[in-house]
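Visitor: Could you walk me through how to read a fold like this one?
Guide: Sure, let's take the features in turn.

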There are 2 protein chains.
Amino acid sequence: MLLRKMTAVDFQHFWPVFQGVIAAQDSYAFAPDMTLQQGWQLWGELPLQTWVAEEDGELLGSYFLKANAAGPGSHVANCGYMVAPAARGRGIAAAMCEHSQQQAREAGFLAMQFNSVVASNTVAVALWQKLGFAIVGRVPLAYRHREHGLVDILVMHKPLA
Amino acid sequence: MLLRKMTAVDFQHFWPVFQGVIAAQDSYAFAPDMTLQQGWQLWGELPLQTWVAEEDGELLGSYFLKANAAGPGSHVANCGYMVAPAARGRGIAAAMCEHSQQQAREAGFLAMQFNSVVASNTVAVALWQKLGFAIVGRVPLAYRHREHGLVDILVMHKPLA
């Protein structure tokens, strides 16, 4: 598996995965009906870096890395990860998360923060904990899950020093 | 004291207060060197509503109200408040916060969340608690305070039902 920077053309190929993830409304607080152009702006243009995981010409996953806040909060990184349904369970999210931590360190970030990990997404929560992230907050009923209704979100954090 | 919608011209008048608050780097995770135009975009254009507190032609404070996240997170409101130094200690932040909760309720929001209350800003933390907000998270060292160095930020939350 190769990790390389994502291009706008990659995002067009990745769009069915991206659209599936946001339409599911069980992990991201993104508008579920956004256009490909809005998606690329959010995922590929606004962040500091956007990467894609590729194997045999297939795009297995993608992540972005950006500052979580401006000015006095700009030393904390934030990332989002997506894995293609067919590629799940193969450690791709873990590989991307490890890679993103290294990229964040190299860019000078001191920590990484996830603002909105959906509590019912237990696979993700367990993975981030395994990778060293701590749950530092729990916001009650802040996510409207398509199946479960209102569920909590978790704030997760890891120092990168 | 009158609360009314803020205009771009109001923001020009309010700019010295706004600039002083962000330059102090003790409360907001905003770029401390942003321009007036960037400030207005962030404070006045991007949010759903922006209000100003006025008395005898003086602008005493301002706040914005917006959704804290998109799609499945869009039922949670987020606000930011600023009070002119000369007007502090007169209950203006409290009045604006109460007003913002009512506006948020009328706009259909179910809760209000503050993502980044600087822990060393004990006056603000105590005020939000008095107004019914609970501390639901604490992110270690996520704010670079101009005087104190790295300090924690608090996530605070109040149901609006």
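Guide: Start with contacts: a contact means heavy atoms within 4.5 Å. Keep in mind that this is a predicted model.

Visitor: What share of the contacts in chain A with a separation of 6 or more comes from residues 24 or more positions apart?
Guide: That share is 59%.

Visitor: Which elements does chain A have, and in what order do they run?
Guide: Chain A has four helices and seven strands. Reading from the N terminus, you get β-α-α-β-β-β-α-β-α-β-β.

Visitor: How do I judge the radius of gyration of chain A?
Guide: Set it against what a compact globule would give. For 161 residues that is near 15 Å, and chain A has 15 Å, so the two agree. Its C-alpha trace spans about 40 × 40 × 30 Å along the principal axes.

Visitor: And what about burial and surface in chain A?
Guide: A residue is buried under 20% relative accessible area and exposed over 50%. In chain A, buried residues make up 53% of the 161. The accessible surface comes to about 7200 Å², with 53% of it belonging to carbon and sulfur atoms.

Visitor: How many charged side chains are there in chain A?
Guide: There are 11 positive and 12 negative ones, and the centres of the two sets lie 7 Å apart.

Visitor: Let's try one residue: is D33(A) buried or exposed?
Guide: Exposed, because its relative accessibility is 64%. D33(A) sits in the loop between α1 (8-24) and α2 (36-45). Its C-alpha lies 7.9 Å from that of I22(A), 11 residues away along the chain.

Conventions: Residues are numbered from 1 along each chain as its sequence is written. Chains are lettered from A and ligands numbered from 1 in the order in which they are written. This is a predicted model: local features need pLDDT of at least 70, side-chain atom pairs count only at pLDDT 80 or more; totals for chains, interfaces and linings use all residues. Side-chain values use heavy atoms; hydrogens and water are left out. Helices (H or I, at least four residues) and strands (E, at least two) are DSSP runs, numbered from the N terminus. The radius of gyration is taken over C-alpha atoms; the globule rule is 2.2 Å times the number of residues to the power 0.38. Buried means under 20% relative accessible area, exposed over 50%, partly exposed in between (1.4 Å probe, protein chains only). Accessible areas come from the Shrake-Rupley method with a 1.4 Å probe; for residues, only the protein chains shown count as cover. Lys and Arg count as positive and Asp and Glu as negative; His and the chain ends are not counted. The place of a charge is taken as NZ of Lys, CZ of Arg, CG of Asp or CD of Glu.
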